[in-house]
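Here are a few exercises to work through with the model open in your viewer. Try each task before reading its solution.

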Amino acid sequence: MADTKKEDLKTPEDIKKWYAARQEELKQKKSALLKELQTKNAAHKSKRRKSIDHAKFILAGECLKYPEITKKLLENLSKNEHNENTAQSLTWLAEDLGLTDLKFKVKDKTK
C-alpha cells in the first residue's frame, strides 16, 4: 500500500484506510525488528556465557598446576558444607591430588 497514488486518496475514508494500513505495516516491521534484536541478544549472551565458562575452566586448570594454591582453595572449601555430589567430587579431587587429610562436609538435608 506504500505505492498508493495521490489520486487514489480522494476521500477522507481512503486516507484513513491508507493511514491505518501504513500503521499496521510499521507495527509489524517494528515487531519483527524487536524479535530479531532479542534473538541476537540471546545469542550474544549465550556466546558470552560459554566464553566465561571456558575462561573459568582455564583458570581452574591453571590453579591445579600450583599445588600450594590448590591446597589452600580446597582447605577453604572444606570449611563449608556442600551438597552430597559436590562434597564427593571435592573429596575425590583432593584424594587424586594426594590431599587425603581434607574432609568435605555434607549439608544436612533436614534443615
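**Exercise 1. The end of a helix**

Task: find the glycine that follows helix 3 and describe its backbone and its surroundings.

Solution. Begin with the backbone: glycine 98 comes after helix 3 and has a positive phi, near 80°. Next, place this residue in the chain: glycine 98 sits in the loop that runs between helix 3 and strand 2. Then check its accessibility: glycine 98 has a relative accessibility of 52%, and since the cut-off for exposed is over 50%, glycine 98 counts as exposed. Finally, try a distance: from glycine 98 to lysine 47 the C-alpha atoms are 36 Å apart in space, with a separation of 51 residues in sequence.

**Exercise 2. How far can the model be trusted?**

Task: which elements have the lowest and the highest mean pLDDT?

Solution. Keep in mind that this is a predicted model. Start with the whole protein: its mean pLDDT is 89, and 93% of the residues reach 70 or more. Now go element by element: strand 2 has the lowest mean, 90, while helix 1 (residues 12-64) has the highest, 94.

**Exercise 3. The two sides of helix 3**

Task: check the length of helix 3, then work out which residues are buried and what they pack against.

Solution. First, the length. Helix 3 covers residues 84-96, and at 1.5 Å a residue its 13 residues should span 18 Å. The C-alpha atoms at its ends are 18 Å apart, so the expectation and the model agree.

Second, the buried residues, which are Ala87, Leu90, Thr91 and Ala94. They cover an arc of only 105° around the axis, and therefore lie on the same side of helix 3. A general rule helps here: an α-helix has 3.6 residues a turn, so residues three or four places apart point the same way.

Third, the partners: the buried residues of helix 3 pack against helix 2 (67-78), strand 1 (81-82) and strand 2 (105-106). Now turn the helix around: the face directed away from the buried side carries the exposed residues Asn85, Trp92 and Asp96.

Last, look at the start of helix 3, where a side-chain oxygen of asparagine 83 comes to within 3.1 Å of the backbone nitrogen of asparagine 85.

**Exercise 4. Salt bridges**

Task: how many salt bridges does the model hold, and which residues form them?

Solution. The principle comes first: side chains of opposite charge can pair when their charged atoms come close. With a cut-off of 4 Å between nitrogen and carboxyl oxygen, the count is three salt bridges. Take them one at a time.

- Glutamate 25 pairs with arginine 22, with the closest N and O atoms 3.2 Å apart. Both residues belong to helix 1 and are three residues apart, about one turn of the helix. Both are partly exposed: glutamate 25 has a relative accessible area of 24%, and arginine 22 has 26%.
- Lysine 40 pairs with glutamate 36 at 3.3 Å between the closest N and O atoms. These two are four residues apart in helix 1, so about one helical turn separates them. Lysine 40 is exposed at 53%, whereas glutamate 36 is partly exposed at 40%.
- Lysine 65 pairs with glutamate 62, whose closest N and O atoms are 2.8 Å apart. Lysine 65 is exposed at 55%, while glutamate 62 is partly exposed at 33%.

Technical notes: Residues are numbered from 1 along each chain as its sequence is written. Side-chain values use heavy atoms; hydrogens and water are left out. The expected span of a helix is 1.5 Å times one less than its number of residues. Buried means under 20% relative accessible area, exposed over 50%, partly exposed in between (1.4 Å probe, protein chains only). The arc is that of the directions from the helix axis to the C-beta atoms. Contact means heavy atoms within 4.5 Å. A polar contact is a pair of N or O atoms within 3.5 Å; within protein, one must be able to donate a hydrogen and the other to accept it, and residues adjacent in sequence count only if both atoms are side-chain atoms. pLDDT is the predictor's confidence in each residue, from 0 to 100. A salt bridge is a side-chain nitrogen of Lys or Arg within 4 Å of a carboxyl oxygen of Asp or Glu.
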